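User: Could you take me through one part of this model in close detail, and then show me what surrounds it? I'd enjoy a connected walk rather than a list.

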Amino acid sequence: MRTQVAIIGAGPSGLLLGQLLARAGVDALIVERQSAEHVLSRIRAGILEQTTVDTLHAAGVGERLARESIVHGGINIVFDNTHHHIDVRKLTGAVVTAYGQTEVTRDLMEARAAAGLTTFYESSEVHLEGLSDSRAVVHFQHQGQALRIECDFVAGCDGFHGVARRSIPKDRLREFERAYPFGWLGVLADVPPVSPHAVTYAHHERGFALCSMRSLTRSRYYVQCPMSDRVEDWSDARFWDELALRLDPQTAADLITGPAIEKSIAPLRSYVAEPMRWGRIFLAGDAAHIVPPTGAKGLNLAVSDVRLLAEALIELYVENSSAGIDHYSERALRRVWKVERFSWWATSLLHTFPDTDEFGQRMQHAELDTLTSLESASRSFAEHYAGLAF
């Protein structure tokens, strides 16, 4: 087969890139290791920045998003057993939107199917060649056949463990990483959210907690836990009791509990790979970077990459200019590091670290007090939380 862009990965990054390119008349095929059902079964975050919402509308997949999403005009911070509200809309004029990543993926899948565009699900033995030559080739197995796609460029949207980044020579790639000494135990439950129009972050001596949502009837809650813990160690009752302990009394009183329909422990880490382009391959999303989930930046940062990459490729094919692809890595990484900084800072501020001494604890408290009492500090937080402008 022959195409202009071969996209590796049919998560939201790959599907969105394919959708944006198709609407501009740029040919793209997508190769995905998992089945479509498996891709849709992955439970992920659901807080979208305004730039992400705008990009989804530009891709023609914003109808259900506009109808079913819930706008958040602020964010709640709990510490010292006290509830504080930061009015993001008032401070910045911007809002964020609650709409699950699974629903974003579903909308993109349906749009791609409706347009008759090709995605090779359940592909195995994917490997790339010719990335430094005049034409790249994607080899893979699909339904018992050995297939190959010749293309101008490869877009690596296949996540942290995918083949795309590993196809760049090690001597051409720099990697930066920080692992955090704890995880998030997450529970998904069909219960109304404790706060339907704002996410609640809690800092407590027992550890961090987060009250988020997927809809007005489905909630996603988290508590910080040691990485040595197992999901089996946490009964539903233990989870709900621990979550309530880390919230202020009023929020805890508003908490409605129920049986978990999904429970998992996720490690936290920060990771960046540079550059995000080598030869004929571009990296986007988790293939290039990981942010800790504090601040809900993972999907939003991936959409930023895809937006920049789509604009660059469209500029090449429609306007015959290579300026966009030549500067893609530099432009993307500048935004990546700003978002990495915010996610690292928020993680450091809100979590309990095992090696933090009393001085460090006082510094955390002072910073939380500054964040919630000084308008300039609240505004800076709100600007980053709502999402940096392009």
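Which residues in helix 13 meet which residues in helix 14?

Analyst: Happy to! One thing to keep in mind from the start is that this is a predicted model. From helix 13, the residues are Thr-370, Leu-371, Thr-372 and Ser-373, and they meet Glu-375, Ala-377, Ser-378 and Phe-381 of helix 14. By character, the residues of this contact comprise three nonpolar, four polar and one charged. Helix 13 covers residues 358–373 and helix 14 covers residues 375–386; their axes come within 5 Å and cross at roughly 90°. An angle from 65 to 115 degrees counts as roughly perpendicular, so helix 13 is roughly perpendicular to helix 14.

Now for the interior. Leu-368, which falls within the span of helix 13, belongs to a core of 33 residues that also includes Ile-77, Leu-210 and Ala-296. That core lies apart from the largest nonpolar core, which has 76 residues. Within the largest one, Leu-17, Val-138 and Val-154 touch the most other members. Helix 10 (residues 298–319) supplies the largest share of it, ten residues. As a general background, nonpolar side chains tend to be buried together in soluble globular proteins.

Let's follow Leu-17 first. Beyond its neighbours within four places in sequence, Leu-17 is in contact with Ile-7, Ala-155, Cys-157, Val-306, Leu-309 and Ala-310. Helix 1 spans residues 12–23 and also holds Ser-13. Ser-13 is buried, because its relative accessible area is 12% and the cut-off for buried is under 20%. With sequence neighbours within four places again left aside, Ser-13 is in contact with Cys-157, Gly-285, Ala-302 and Val-306. Cys-157 and Val-306 therefore appear in the contacts of Leu-17 as well as in those of Ser-13, contact being heavy atoms within 4.5 Å. For a sense of distance, Ser-13 and Ala-113 are 100 residues apart in sequence and 16 Å apart in space, C-alpha to C-alpha.

Val-138 takes us to strand 10 (residues 136–142), where six of the seven residues are buried. On one pairing, strand 10 runs antiparallel to strand 9 (residues 124–129), joined by four bridges, with Glu-129 opposite Val-137. Six residues lie between the strands of that hairpin, and Gly-130 there takes a positive phi near 75°. Strand 10 is also antiparallel to strand 11 (residues 145–156), this time through seven bridges; Ala-136 has Cys-151 as its bridge partner in strand 11. The hairpin of strand 10 and strand 11 has two residues between the strands, and Gln-143 takes a positive phi near 50°.

Elsewhere there is an open sheet of eight strands with mixed pairing, in the order 6-5-13-14-15-12-16-19. Its edges are strand 6 (82–86) and strand 19 (289–290), each pairing on one side only. Inside that order, strand 12 (residues 174–189) and strand 16 (residues 260–274) pair in the antiparallel sense over 13 bridges. One of the bridge pairs places Val-187 with Lys-263 in strand 16. Helix 12 (residues 328–350) packs on this sheet, touching strand 12, strand 13 (198–202), strand 16 and strand 19. The direction of helix 12 makes about 130° with that of strand 16.

Key. Residues are numbered from 1 along each chain as its sequence is written. This is a predicted model: local features need pLDDT of at least 70, side-chain atom pairs count only at pLDDT 80 or more; totals for chains, interfaces and linings use all residues. Side-chain values use heavy atoms; hydrogens and water are left out. A nonpolar core is a set of buried Ala, Val, Leu, Ile, Met, Phe, Trp, Tyr and Cys residues joined through side-chain atoms within 4.5 Å. Buried means under 20% relative accessible area, exposed over 50%, partly exposed in between (1.4 Å probe, protein chains only). Two strands pair if DSSP finds at least two bridges between them. Axes are lines fitted to C-alpha atoms, for helices over the stretch in contact, and angles run from 0 to 180 degrees between N-to-C directions. Angles under 35 degrees count as roughly parallel, over 145 as roughly antiparallel, 65 to 115 as roughly perpendicular and the rest as oblique. Ala, Val, Leu, Ile, Met, Phe, Trp, Tyr, Cys and Pro count as nonpolar, Asp, Glu, Lys and Arg as charged, and the others, Gly among them, as polar.
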